[in-house]
Amino acid sequence: MRAFIKDLWPSTVYMDQKSDYLIIAQLDNGMEVELFDHFNPNIKINTIIDCLILALGTININSVDFTKGHDRSKPIFTGRFIENYQIPESWWNYDKRQISKTYPAVQTVNGIILLDFLKTPKDLNDGDIITFSEGRLDLIAWRPLE
């Protein structure tokens, strides 16, 4: 998934040590999202990156409240559910923890979003079109595009 980095700042600072970052990113369709990043402090503002994003926490599927409008900390996505998405080998050089790893995922207009369900819905099938919001978006790997 491509993302334009609009802003970032340390999310947690303890004794002058920065342990994670909050990133404001704009996706290809113009949607702004907040990404939590606890691995890669070398991202620069005003750059475009290719990234693996993991939606985790309480993922509300097909019961989204559209009346609240857009909230970049809990954006609403629609896409095709992929039961077992294997992280492509091209990512393995950027994050060794992703070697041969599979996740449930959703193919959205912006790209793949990996899912980490606290409890996997029983009536969800490969290929289903779903709409969901999530608890948090984590940046798990990235590479520069510029």
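Strands here are DSSP runs of E with at least two residues, numbered from the N terminus. The model is predicted. The exercises below use that numbering.

**Exercise 1. Locate E89 and decide whether it is buried, partly exposed or exposed.**

Solution.
Step 1. Strand 6 covers 76-86 and strand 7 covers 102-108, and E89 lies in the loop between them.
Step 2. The relative accessibility of E89 is 59%. The cut-off for exposed is over 50%, so E89 counts as exposed.
Step 3. A residue ten places away in sequence, I99, has its C-alpha 7.1 Å from the C-alpha of E89.

**Exercise 2. Describe the elements of the chain and the confidence of the model.**

Solution.
Step 1. The chain has ten strands and zero helices. Read from the N terminus, its order of elements is β-β-β-β-β-β-β-β-β-β.
Step 2. The mean pLDDT of the chain is 83, with 79% of the residues at 70 or more.
Step 3. By element, the highest mean pLDDT, 93, belongs to strand 7, and the lowest, 70, to strand 5 (residues 60-61).
Step 4. The chain has 146 residues, and 43% of them count as buried.
Step 5. Take the contacts with a separation of 6 or more: 69% of them join residues 24 or more positions apart.

**Exercise 3. Work out how strand 7 pairs with strand 6 and with strand 8.**

Solution.
Step 1. Strand 6 pairs with strand 7 over five bridges, in the antiparallel sense. One pair of bridge partners is I82 and A105, the latter in strand 7.
Step 2. Strand 8 covers residues 111-117 and runs antiparallel to strand 7, with four bridges joining the two. Here Q107 has I112 of strand 8 as its bridge partner.
Step 3. The link from strand 7 to strand 8 is a hairpin through two residues.

**Exercise 4. Compare the surroundings of T108 and G111.**

Solution.
Step 1. T108 belongs to strand 7, and G111 belongs to strand 8.
Step 2. The cut-off for buried is under 20% relative accessible area. T108 has 7%, so it is buried. G111 has 12%, so it is buried as well.
Step 3. Leave out residues up to four places away in sequence. T108 then touches M1, F77, T78, G79 and I113, while G111 touches M1 and V106. M1 appears in both lists.
Step 4. A polar atom in the side chain of T108 lies 3.1 Å from the backbone nitrogen of N110.
Step 5. G111 and R2 are 109 residues apart in sequence, yet their C-alpha atoms are 7.6 Å apart in space.

**Exercise 5. Which ring does the charged end of R143 sit over, and what else does R143 touch?**

Solution.
Step 1. R143 is part of strand 10, residues 136-144.
Step 2. The relative accessible area of R143 is 15%, so R143 is buried.
Step 3. The charged end of R143 sits over the ring of W91, at 3.8 Å from the ring centre.
Step 4. A polar atom of the R143 side chain also lies 3.1 Å from the backbone oxygen of S90.
Step 5. With residues up to four places away in sequence left out, R143 touches I49, D50, S90, W91 and Y94. W91 of step 3 and S90 of step 4 are therefore among the residues that R143 touches, where contact means heavy atoms within 4.5 Å.
Step 6. A charged end over a ring is also found at R136, which sits over the ring of F36, 4.2 Å from its centre.
Step 7. As for rings with rings, the structure holds one aromatic pair.

**Exercise 6. Where do N46 and S100 lie, and what is the sign of phi in each?**

Solution.
Step 1. Most residues other than glycine have a negative phi.
Step 2. N46 is not a glycine, and its phi is positive, near 65°. S100 is not a glycine either, and its phi is positive, about 55°.
Step 3. N46 lies in the loop between strand 3 (32-37) and strand 4 (48-57). S100 lies in the loop between strand 6 and strand 7.
Step 4. N46 has a relative accessible area of 51%, so it is exposed. S100 has a relative accessibility of 46%, so it counts as partly exposed.

How values were computed
Residues numbered from 1 in each chain as written. Predicted model: local features only at pLDDT ≥ 70, side-chain atom pairs only at ≥ 80, totals over all residues. Heavy atoms only, no water. Phe/Tyr/Trp six-rings, centres within 6.5 Å; stacked < 30°, edge-to-face > 60°. Lys NZ or Arg CZ within 6 Å of the ring centre and 35° of its normal. Buried < 20%, exposed > 50% of the residue type's maximum accessible area, 1.4 Å probe, protein only. Pairing = 2+ DSSP bridges. pLDDT = per-residue confidence, 0-100. Polar contact = N/O pair within 3.5 Å; in protein donor to acceptor, adjacent residues only side chain to side chain.
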